[in-house]
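Q: Please take me closely through one part, the site picked out by the annotations, and then through the framework that belongs to the account. I would like a single connected answer, with each term explained where it is needed.

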Amino acid sequence: TPRVGVLALQGDVREHAAVLASLGAEVSLVRTPAQLDAVDGLVLPGGESSVIDKLSRLFGLREPIVDRIAAGMPVYGTCAGLILLAERILDGLPTQLPFGGIDVDVRRNAFGSQVDSFEASIDVPALGEPAVHATFIRAPVVERAGAGVEVLASVDGRIVAVEQGPLLATAFHPEVEGETRFHRRFLDRVTGP
Ligand code: GLN
């Protein structure tokens, strides 16, 4: 049974925990370095990336998370979680830092203020059929993806899902849609071949 955590500082923590539990994982909420030590994979939820960043430093979690990412821990980030996994935030708050790990530049709230949220059906060849019904909520977009990054999905030519080794990230929120294939893919990374 994969032991995975959801970073539980802010954001849609419960939705992720519910999907992971429904897939048979042993799920715990991570708020301390000791709790991080006890898991083999981590989900970074949607929410507000600058707040999660700030709280991660306050809770002494930033360094341990960066270290675990460097050591190869599988991580899945949605929306704010994608921003946190990016190497560079093009329009972050002045003090805002990502954890990094995926060689991409992201732009926050990239779909414009007049379209705060929208839904789209998107093809994700790596997941096969059917298409993913994706919910975007003040979503970021990937503006540059490095050579080591696999682009999993785009909307109107804009990159919205990426993978680099054990790190997976989506600009949208499968956890609110009953879409379980991204979480399954993450759990497969945790379990290993
Ligand atoms: N706009 C948010 C941010 O910058 C992300 C929104 C989300 O996670 N739904 O962190």
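A: Two strands are said to pair if DSSP finds at least two bridges between them, while the elements themselves are DSSP runs numbered from the N terminus, helices being H or I with at least four residues and strands E with at least two. The model is a predicted one, in which local features need pLDDT of at least 70 and side-chain atom pairs count only at pLDDT 80 or more, whereas totals for chains, interfaces and linings use all residues. Residues are numbered from 1 along each chain as its sequence is written.

The ligand is the place to begin. Around it stand Gly46, Gly47, Glu48, Ser49, Cys79, Ala80, Ile83, Arg108, Asn109, Ile137 and Arg138, a residue being near a molecule if its C-beta atom, placed from the backbone, lies within 6 Å of it. This shell divides into four nonpolar, four polar and three charged residues, where Ala, Val, Leu, Ile, Met, Phe, Trp, Tyr, Cys and Pro count as nonpolar, Asp, Glu, Lys and Arg as charged, and the others, Gly among them, as polar.

The record has its own view of this region. In an unreviewed entry, UniProt annotates Gly47, Glu48, Ser49, Arg108, Ile137 and Arg138 as "binding site". These residues span 92 residues in sequence, yet no two of their C-alpha atoms are more than 12.9 Å apart, so they gather at one spot. Such positions are given in the numbering used here, with feature names shortened, and the annotations may be inferred rather than shown by experiment.

Two of these residues can be followed further. Arg108 sits in the loop between strand S6 (102-107) and strand S7 (117-122), and because 22 C-beta neighbours lie inside 10 Å, Arg108 counts as buried; the cut-offs are 20 or more other C-beta atoms within 10 Å for buried, 12 or fewer for exposed, and anything in between for partly exposed, with C-beta atoms placed from the backbone. Neighbours within four places in sequence aside, Arg108 is in contact with Ser49, Ile83, Ile89, Asp91, Gly92 and Pro140, contact requiring that the two C-beta atoms, placed from the backbone, lie within 7 Å. Ile137, by contrast, belongs to strand S8 (residues 132-137) and is partly exposed, with 19 other C-beta atoms within 10 Å. With its neighbours up to four places away again left out, Ile137 is in contact with Gly46, Cys79, Ser117 and His173.

Cys79 and His173 lead to another annotation, since UniProt, again in an unreviewed entry, lists Cys79, His173 and Glu175 under "active site". Although spread over 97 residues of sequence, these three cluster in space, the largest C-alpha distance being 11.0 Å. Cys79 lies in the loop between strand S4 (75-78) and helix H5 (80-85) and is buried, with 29 other C-beta atoms within 10 Å. Beyond four places in sequence, its contacts are Gly46, Ile137, Ala139, Pro140, Ala171, Phe172 and His173. Glu175 is placed in the loop between strand S12 (167-170) and helix H6 (181-191), and with 28 other C-beta atoms within 10 Å it is buried as well. Residues up to four places away in sequence not counted, Glu175 touches Asp12, Glu15, His16, Val19 and Thr78.

S12 itself deserves attention. In a regular strand the side chains alternate between the two faces of the sheet. Both faces of S12 are covered, for Leu167 and Ala169 on one side and Leu168 and Thr170 on the other are all buried. S4 pairs with S12 in the parallel sense over four bridges, Gly77 standing opposite Ala169. Strand S11 (residues 158-164) is joined to S12 by four bridges and runs antiparallel to it, with Glu163 opposite Leu168. S11 and S12 form a hairpin with two residues between them, and Gly165 in the turn has a positive phi of about 55 degrees.

Strand S1 (residues 3-7) completes the account: four of its five residues are buried. S1 pairs in the parallel sense with strand S2 (residues 26-30) over five bridges, and likewise in parallel with strand S3 (residues 41-44) over three, where Val43 is the bridge partner of Val6.
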